[in-house]
Amino acid sequence: MEKSTPLTEALFYILLSVRKPNHGYGIIQEVEKLTEGRVVLGAGTLYGAIQAMTAKGWIRIYSAETDSRKKKEYIITDLGRKVFAEEIKRLAELLHNGQLMWRQMEP
């Protein structure tokens with residue numbers, strides 16, 4: 001697997017939001033809800049990230065409406081799950097080490 005971490009915060013939350021089929025606007029809403037409004041994805045950021053993650057094989061199109069709006073739903077792939085799991089592991093290490101060292105600094 002190519003070097004894929006660290007993930008940007010946007011990529012992290014997008015991957016989390018497509019653990020079940022989700023469309024672009026649904027991803028934007030879910031990320032905003034998960035972060036209590038701290039992270040708000042713009043359409044350009046979202047669709048650029050979706051295009052990049054699709055090219056890397058991290059997500060795939062789950063379904064696409066055939067009407068004029070052509071709403072697409074995306075879902076994480078097995079490779080995307082591996083990338084996400086590696087990022088969780090990396091973040092857990094950061095948190096563990098930070099907490100450990102912080103306790104040593106306390107008076």
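1. A salt bridge is a side-chain nitrogen of Lys or Arg within 4 Å of a carboxyl oxygen of Asp or Glu. Keep that in mind as you look at this predicted model. By this rule, the structure has four salt bridges. A good one to find is the pair Glu 9 and Arg 38, whose closest N and O atoms are 2.3 Å apart. The two partners come from distant parts of the chain: Glu 9 sits in helix H1, while Arg 38 belongs to the loop between H2 and H3, 29 residues apart. Glu 9 has 38% relative accessibility and so counts as partly exposed. Arg 38, with a relative accessible area of 55%, is exposed.

2. Next, turn to Glu 30 and Lys 20, whose side chains also form a salt bridge, at 3.7 Å from N to O. Glu 30 is in helix H2 and Lys 20 is in the loop between H1 and E1, so this pair ties together parts that are 10 residues apart in sequence. Is Glu 30 buried or exposed? At 15% relative accessibility, Glu 30 counts as buried. Its partner Lys 20, at 41%, is partly exposed. These two residues also belong to a network of salt bridges that includes Arg 19.

3. Now look inside helix H4, where Arg 90 and Glu 87 make a salt bridge with their closest N and O atoms 2.9 Å apart. Because Arg 90 and Glu 87 are three residues apart in this helix, about one helical turn separates them. Glu 87 is at 2% relative accessibility and therefore counts as buried. Arg 90 has a relative accessible area of 27%, so this residue is partly exposed.

4. Helix H4 also offers a nice length check. At 1.5 Å a residue, its 28 residues should span 40 Å, and the C-alpha atoms at its ends are 41 Å apart, which agrees. The buried residues of H4 are Gly 80, Val 83, Phe 84 and Glu 87. H1 and E3 are among the elements that cover them.

5. Helix H1 deserves a careful look. How many of its nine residues are buried? Seven are, which leaves H1 mostly covered. They are Ala 10, Leu 11, Phe 12, Tyr 13, Ile 14, Leu 15 and Ser 17. These buried residues pack against E1, H2, H3, E2, E3 and H4.

6. In soluble globular proteins, nonpolar side chains tend to be buried together. Here, the largest nonpolar core has 23 residues, and the members touching the most others are Leu 15, Ile 27, Leu 41 and Met 53. Two or more residues come from each of helix H1 (9–17), helix H2 (24–34), helix H3 (43–56), strand E3 (72–76) and helix H4 (78–105). Which element gives the most to this core? H1 does, with six residues. Try centring your view on Leu 15: leaving aside residues up to four places away in sequence, Leu 15 touches Leu 7, Met 53, Trp 58, Ile 59, Ile 76, Gly 80 and Phe 84.

7. Finally, trace the strands. Three of them form an open sheet in the order E1-E3-E2, with antiparallel pairing. Strand E1 (22–23) and strand E2 (59–64) are the edge strands, each pairing on one side only. The antiparallel pairing of E2 with E3 runs over five bridges. To see a bridge for yourself, find Ser 63 and look across to its partner in E3, Glu 73.

Terms used
Residues are numbered from 1 along each chain as its sequence is written. This is a predicted model: local features need pLDDT of at least 70, side-chain atom pairs count only at pLDDT 80 or more; totals for chains, interfaces and linings use all residues. Side-chain values use heavy atoms; hydrogens and water are left out. A nonpolar core is a set of buried Ala, Val, Leu, Ile, Met, Phe, Trp, Tyr and Cys residues joined through side-chain atoms within 4.5 Å. Buried means under 20% relative accessible area, exposed over 50%, partly exposed in between (1.4 Å probe, protein chains only). Helices (H or I, at least four residues) and strands (E, at least two) are DSSP runs, numbered from the N terminus. Contact means heavy atoms within 4.5 Å. Two strands pair if DSSP finds at least two bridges between them. The expected span of a helix is 1.5 Å times one less than its number of residues.
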